[in-house]
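Let's take a walk through this structure, one chain at a time. Have a look at it first, and then read on.

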Amino acid sequence: MTITIPPKSNKESEGLQPKGFLRYFSFSLDHKVIGIQYLVCGFLFYLVGGALASAIRIELTSPISDFMPRDVYNQVLTLHGTIMIFLWIVPVVNGAFGNYLIPFYVGARDMAFPRLNAVAFWLIPPAGLMLISSYFINGAAQSGWTAYPPLSITTPAAGQIIWILSVLLLGGSSIFGGINFIATILKLRRPGLKLMQLPMYCWAMLGTSILVVLSTPVLAGTLILLSFDIVAHTGFFNPTLGGNVIVYQHLFWFYSHPAVYIMVLPAFGLVSEILPIHSRKPLFGYTTMVYSIMAIVFLGLIVWAHHMFTSGTPPWMRLFFTIATSFIAVPTGIKFFNWVATLWGGKISLNSAILFSCGFIVNFVLGGITGVALAQVPFDIHVHDTYFVVAHFHYIVYGGSVFVIFSSIYHWYPKFTGRMLNEKIGRIHFILTFVGFNLCFAPQHWLGMNGMPRRVAEYDPQFTFVNQLSSFGALLMALSTLPFLWNVIHSSFKGEIAGENPWQALTPEWLTSSPPPVENWLGEAPLVTDPYGYGKKQLQEQFNDLESEKQ
Amino acid sequence: MTTITPIDQSPKEQEVQHDLHADHRLFGLVAFLIADGMTFAGFFAAYLTFKAVNPLLPDAIYELELPLPTLNTILLLVSSATFHRAGQALNKSDSKSCQKWLLITASLGLAFLASQMVEYFTLPFGLTDNLYASTFYALTGFHGLHVTLGAFMILIVWWQSRQPGGRITSQNKFPLEAAELYWHFVDGIWVILFIILYLV
Amino acid sequence: MLKPSAIITLLVSISLAVGGVWIIYNINLLPEAASSNAPVYDELFRVLFVIGVILFVGMFAAVVYSLIEFRRRPGDQEDGLPVKENLPLEIFWTAVPAIVVLFVGLYSYDIYDRMGGMQPLDHQNHGYSVSSSEEKVWGGIGTSSNNSNMDLQMQSLPVEVTAMQFAFLFRYPKGDFISGELHVPVGQTISMRMESNDVIHAFWVPEFRIKQDVIPGQPTILNFTPTKPGRFPIICAELCGPYHGGMRSTVVVEEPEIYQDWFNKNSNTIVS
């Protein structure tokens, strides 16, 4: 059934929609505006989360709890985790780049449900502000971003309830976004465009959205039960009333392990777009990449209990989850080998985008290796809930996803604004971030193995020096934000004019003006059947040479 | 660049592609219902685990009275059938009959809610009595919320279809189709819930 | 030649960071090994570490080499080679990680078994005052299969651990007394039954390489055999409230005679 819907629903209210800068503060239905809204909003929350991280690292420069009260410290680490996951990485790798790029990639003029899309975005700012304001009302949640009961039931209720409400709103936003992406990728493809011709980011977003739709509702249900425990004094997870705390952990990790893939799969997709363009080579192993994404989606849903090896889980369960988790390394490994093969033999422009992408590969390989180690029950038993785990997942989400976000900003900034970013400052940003990041988190592996648990405000004095080293790395990371901010703001006014396609890319978002018109393309949507068709000319020349030799 | 080929379509078809865009709202609804189903799946999993693992206190109630829930099941199953009839009537552009069947469906849904209320008030346990009681109310309550929402949706669809030159015609069936799909989903969940909660 | 200032800076910074990690790892990789579990654990760690280093250095070298060798020279406007796939290569790098992962999984299973993780947690053999015979015990590590000596297992020393915000209490059922420090004789298998009074805590002794959550409402079991005398920290490893970082205790591993003296001094029952 086809019915008449204008391709761009905001046409109908064109007179009402603000123009220019103001449209970023409006209920705009343009997927490009929504994408930028996600990105900027996410970055503002990243600054808040980063400030909280700095507070944690300042506290940990000395082995005693002296910088802030102990309960405030727990609030700070809870807010840091929640903000970074739900308000920065998930909205940006999914919402920002997904909304901006997916309609281009499928050859559409907007997402499948523009209105739902705007609703999904506008759930985020109030949820985030509510979460942060809980600190000023009666103290924020203190039970970590995992909110394990009974701790989350016994700590002050107001902060915990606000935390639950805002996570529910953010989860709803995520689900709406996921539904939109699935519909856009599967249903809105331009006639003539086949699934296996889509850029890799579409596959990554399809896989991610499947995970979002299948796992986020379980978290929502769990948090509703938890809020009943807090408000109505039911006993689902309260052992004094006959409840079971382990059931919460199972349900929580059924979402929160896939959440890791919700944060890194889109990053995988973005890197798969950036590497071929800047190394002038086709993406290596497209087909295996697609299958490995789907394998990760499937395996990602059945490995959650590896977060619970030291909780009460029966031995057979530990064994199953060890094997399943270890096997995620296989599809992930395929992707990394494919990326290196994409670089291999290319003509790589060493710009900030590719530096951040390669930084991502290096960091993520280390995070992946410690991840496989953590999947082994006997190994995990010693380092579970220690700084080793903190180091591991920061290598995944910061060294992985955040590096890719920066890489993507350097890559797509010309498309967003029509101006180039300053390369020199970009490199300074990269070096500061890369060195600071590794200095901050690499030593934490050692801390964890030698007896420093996570989420503590005080520790054994023998760890003082290594903690100070780590804090120094955190300082460098904090400083690295300054050149980036200056670059982004300054370049938007004074940057070199980018032109339509500064990277000579073949993907459809580059085949239009920068920034693109409201309808994405002035004419028809281009049919790009081979988004990675680099090097065709070389092949043709080699063929010609061969022909002429024969003659 | 050889990879970019201009679209090989007649101007008329291009025009079609520009201004028409197939209705994917039902597809979106299906995706949403899958998500909603996962919420229930989480609740079911929690309930079954609680039942398997946590020993109940001796005074906790295991056996539930069956007649009322069985009546509820019949009410919902019949309402699914009547909603189907409403859809068929709309296909035949028989809006009078469509409205009649919609009204019957809505009253069956409201009857279900009323009967559920009767059950709540006659049950010998309250929300916070024990783990089993809490889970029972959480599951049935969350489902009841869905039924309430569904009954409202049906009444809105019925109201809209009554308007002269109304918004719901055989040309624009989406509101009715969406409500129908949702209603069948809620019924399906009830059947699973009935089996798990009352029969097993 | 291109002035690869960026590459050099990148390389230097990377090698500095990696070198830093390397040094940190080499000064002290793991704490002292003070239980029968620890040497087994350290064996697994070494294997994982070697595999990890080979993989990481290999990938790292490949990325850095590509960046240097295949960088765009000034004036070069060409594309790279349009190599899209290579089936044998792809099969190779699917199969090898799969085999490595399978090996690691089976090997760590073996390690876990040697630690006693796969032993049935039959806590009733250990002389606890069990409140109900139907009580479910969740998870933990059973008696190590390293100790094939059944007599030794039967003689394992039972200790009942109670965790609360923010302390551990150790009750010795044989002497019917409670201690704030865990005293154990060296070489003796300790069998702990742990339960929490309020929120989830975790019992962790880094030198023993063991950790187990202490859960309210669900007792957990942890067995270990200390092999070295000394004082080792007991650390709570699960966020349990504001003073979580301060929730520590000490396990004192003593020669059997010294332990017996301590036990007799504290015991409330007459040891026959």
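Read from the N terminus, chain B goes β-α-β-α-α-α-α-α, which comes to six helices and two strands. Helices here are DSSP runs of H or I with at least four residues, strands are runs of E with at least two, and both are numbered from the N terminus. Keep in mind that this is a predicted model: local features need pLDDT of at least 70 and side-chain atom pairs count only at pLDDT 80 or more, while totals for chains, interfaces and linings use all residues. Residues are numbered from 1 along each chain as its sequence is written, and chains are lettered from A and ligands numbered from 1 in the order in which they are written.

Of the 200 residues in chain B, 34% are buried. A residue is buried if 20 or more other C-beta atoms, placed from the backbone, lie within 10 Å of its own. Two residues are in contact if their C-beta atoms, placed the same way, lie within 7 Å. In chain B, 78% of the contacts with a separation of 6 or more link residues 24 or more positions apart.

**The sheet in chain C**

Chain C has an open sheet of five strands in the order 5-11-10-7-8, with mixed pairing. Strand 5 (182-185) and strand 8 sit at the edges with a single partner strand each, so one side of each has no neighbour in the sheet. On average, neighbouring strands are turned by 25 degrees against each other, direction ignored; such angles use axes that are lines fitted to C-alpha atoms, for helices over the stretch in contact, and run from 0 to 180 degrees between N-to-C directions. Strands count as paired if DSSP finds at least two bridges between them. Here are two of the pairs:

| Strands of chain C | Sense | Bridges | A bridge pair |
|---|---|---|---|
| strand 7 and strand 8 | antiparallel | five bridges | Val205(C) and Ile210(C) |
| strand 5 and strand 11 (residues 248-254) | parallel | four bridges | Leu182(C) and Val251(C) |

Strand 7 and strand 8 of chain C make a hairpin with four residues between them, and Arg209(C) in the turn has a positive phi of about 60 degrees. Is strand 8 of chain C enclosed or open? Five of its five residues are buried, so it is largely enclosed by the rest of the structure. Ile210(C), Gln212(C) and Val214(C) cover one side, and Lys211(C) and Asp213(C) the other. Over at the other edge, helix 5 (residues 256-266) of chain C lies across strand 5 and strand 11, at about 135 degrees to strand 5.

**Domains and neighbours**

A domain assignment (automatic or from a database) splits chain C into domain 1 (5-71 + 88-115) and domain 2 (123-266). Where they touch, domain 1 gives twelve residues and domain 2 gives 17 residues.

Chain C also touches chain A, with 83 residues from chain C and 90 residues from chain A. The chain C side has 50 nonpolar, 20 polar and 13 charged residues. Nonpolar means Ala, Val, Leu, Ile, Met, Phe, Trp, Tyr, Cys and Pro; charged means Asp, Glu, Lys and Arg; the others, Gly among them, are polar.

The largest nonpolar core has 298 residues, and Ile89(A) and Cys202(A) have the most contacts inside it. Such a core is a set of buried Ala, Val, Leu, Ile, Met, Phe, Trp, Tyr and Cys residues joined through C-beta atoms within 7 Å.

Technical notes. Buried ≥ 20, exposed ≤ 12 C-beta atoms within 10 Å, placed from the backbone.
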